[in-house]
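Colleague: I would like to go through some of the terms used for this model. Please give the reasoning behind each one.

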Amino acid sequence: MESQLCPVKAQTQKDCQPACVKYQEFYNGCSQRIEKLVDDEKANCLGQYLEYIQCVDKCNLSGLSVCLSVGRVEFGIILCFGITYRMPPGPFPLPVIGNLHQMGKHAPKSLKQFSDKYGGLTTIFLGSVPTVVVSDPALIKELIVDRSEEIIDRFNSDSAKIIGEEKNLLFAKGPYWKKYRKVFTTAMTKARSFNIASRIEAQAVSLNRFFGTFATSGQLLSPHVYIRRYSLNGVIDYSFTDAVDYESENEHVVIRAAEIMEDLLATGNPQDFIPILKPVFNSKRVLLANTVGQVWSYCQDAIDLHKKTLDREKPRDMLDVLLIEMEKSEDSAFFESQDDSLAKCLTDLIIAGHETVATTLGWMIIFLVNNPDIQERAYQELINVVGKGNLPQLHHRNATPYLNAIIKETMRIRTPAPLALPRCAVNDIEIGGYVIPKNTQVLMAVYGMAMDENHFEKPEVFNPDRWVSKQPSPNSLTDYAYIPFGVGPRMCVGMGVAKDELYYIVSQMLINFKWSSPDGRPLDDEGICRVSLEYKHYQVRLEHR
Ligand code: HEM
């Protein structure tokens, strides 16, 4: 395996190029066989690979090839680092692309396959970015909850840096993030207790009234556009007292921006995985920056207006509450010294808040249409608790366990954030007999655990009953197998609001209408995997109840 396979050792530039090709061929052979090799042979193979890198380095390369060779060197260093450091096991990566070629069309599914093979901690290379995927609920608890301070920061790709300039809630780090997170959590809790619920309820009523026109006319409904407007209105109404009309012909600036961002991020930006490619994809980066800039401006206009008209005795919406909380805070001087950070944090609420809720709702309609028995049972439960002709309210929630289970089950089977948001090891972390080196990207296998038959019987089946019969067990490890909102101090800040939005809209949709497919055949429930698991656009038939 050793020297006889080793190509010539090139000493000059002239010798080097053909040697490079041979080294490359050699390396490719190694990487295909590496999983079967014993340790000594692996080390030898790696040694050959490093020689290959040096060889490539000697070549007279230009443009992209220079990038690639730098990438290879960088990659080689990372790889050696990983082995020396005892990083968790994982599939053997290729230079530059790492394991990207093994990710398939459905990244969360591929990651689940790796976890099934390598265990609860798996190292993969997303391009040249070493990444540890955590897929064991016990390790999620140990690392993300019990040792949360070591994993509190985000790992920021190039796109993430463009989206928030590391000044937003989603991607900021350290004490800066802590200050904003604290004030947002307080403001959202206070705003929820005074008027968020009534505003969401009013939005749900408006959307249902609009849906009623389809039930009356018999026209088929394509829910996608309208459920997005509902989830957007959910955020912008209670945050800034703004809303988009369900019948409007024009799309709101935020929805347009979100769609462009989604498209740009959907297939993954190569420079996020192979940072040296940044210059090659500059136009895409500029478009992303301009698009998110439009949402910042929209939020900044709202902030300026709210500051001018703020009545501290009578807050109107969440932004008023937020401004008051920031003034009262021990960090008020810090907040005042920040220019546009608040606009960036509010942008997160809008983007993170409306996409996730809309996607969940879109999937829920599909599963309700495809499972008429489940739909009928939820309707009967609502009628018994709420009464025909009445409006479901949040206080009915405890008395409608089956409807709650439908919402929970939808977020399990088609979780809107299949890998949550990337975390970053703040220091070297020793866990499960391995080391996650400082600055490594760490992903939570939200989808992988939710679809694991060790935690959920027949995970591919939409079965709300699995939640109805389940006894609450706050300390049970299996609870960490279901984490659609993430977990620990960095978990979703909008979880409570999201649950309220979903309860209001689904309860009204079910009590008002019977939902079915246009031709009696089931709707597609596989969808496509982009940033998240997205449903394919569909139409439904509505009948008044
Ligand atoms: C079904 C709906 C939603 C799902 C599934 C969801 C999921 C998530 C997940 C998985 C995270 C990362 C958590 C972690 O790292 O542990 C997150 C973070 C976040 N979410 Fe949500 N989310 C939803 C709705 C919302 C809503 C309605 C808002 C705002 C109104 C929101 C705002 C945020 C923000 C600001 C963060 C970043 C928190 C931080 O880094 O401190 N999300 N969400």
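The questions below concern a ligand shell and one glutamate in a predicted model.

Colleague: Why is Glu-409 called buried?

Modeller: Buried means under 20% relative accessible area. Glu-409 has a relative accessible area of 0%, so it is buried. Glu-409 is found in helix α16, residues 401-413.

Colleague: What makes the pair Glu-409 and Trp-467 a polar contact?

Modeller: The cut-off for a pair of N or O atoms is 3.5 Å. The side chains of Glu-409 and Trp-467 make their contact at 2.9 Å, so the distance is within that cut-off. Not counting residues up to four places away in sequence, Glu-409 touches Val-461, Phe-462, Asn-463, Pro-464, Arg-466 and Trp-467.

Colleague: Now the ligand. Which residues come nearest?

Modeller: There are 30 residues around the ligand, and Arg-154, Trp-177, Arg-181, Arg-423 and Cys-492 come nearest.

Colleague: How do you know that Leu-169 makes a polar contact with the ligand?

Modeller: A polar backbone atom of Leu-169 is 3.2 Å from an oxygen atom of the ligand. The limit is 3.5 Å, therefore the pair counts. For Arg-154, a polar side-chain atom lies 2.8 Å from a ligand oxygen. An N or O atom in the side chain of Trp-177 is also 2.8 Å from an oxygen atom of the ligand. Two elements, α7 (174-217) and α14 (341-370), give two or more residues to the shell. α14 gives the most, with six residues.

Colleague: How many residues of each class does the shell have?

Modeller: The shell around the ligand has 21 nonpolar, five polar and four charged residues.

Note on methods: Residues numbered from 1 in each chain as written. Predicted model: local features only at pLDDT ≥ 70, side-chain atom pairs only at ≥ 80, totals over all residues. Heavy atoms only, no water. Near = heavy atom within 4 Å. Polar contact = N/O pair within 3.5 Å; in protein donor to acceptor, adjacent residues only side chain to side chain. Helix = DSSP H or I, 4+ residues; strand = E, 2+ residues; numbered from the N terminus. Nonpolar A, V, L, I, M, F, W, Y, C, P; charged D, E, K, R; others polar. Buried < 20%, exposed > 50% of the residue type's maximum accessible area, 1.4 Å probe, protein only. Contact = heavy atoms within 4.5 Å.
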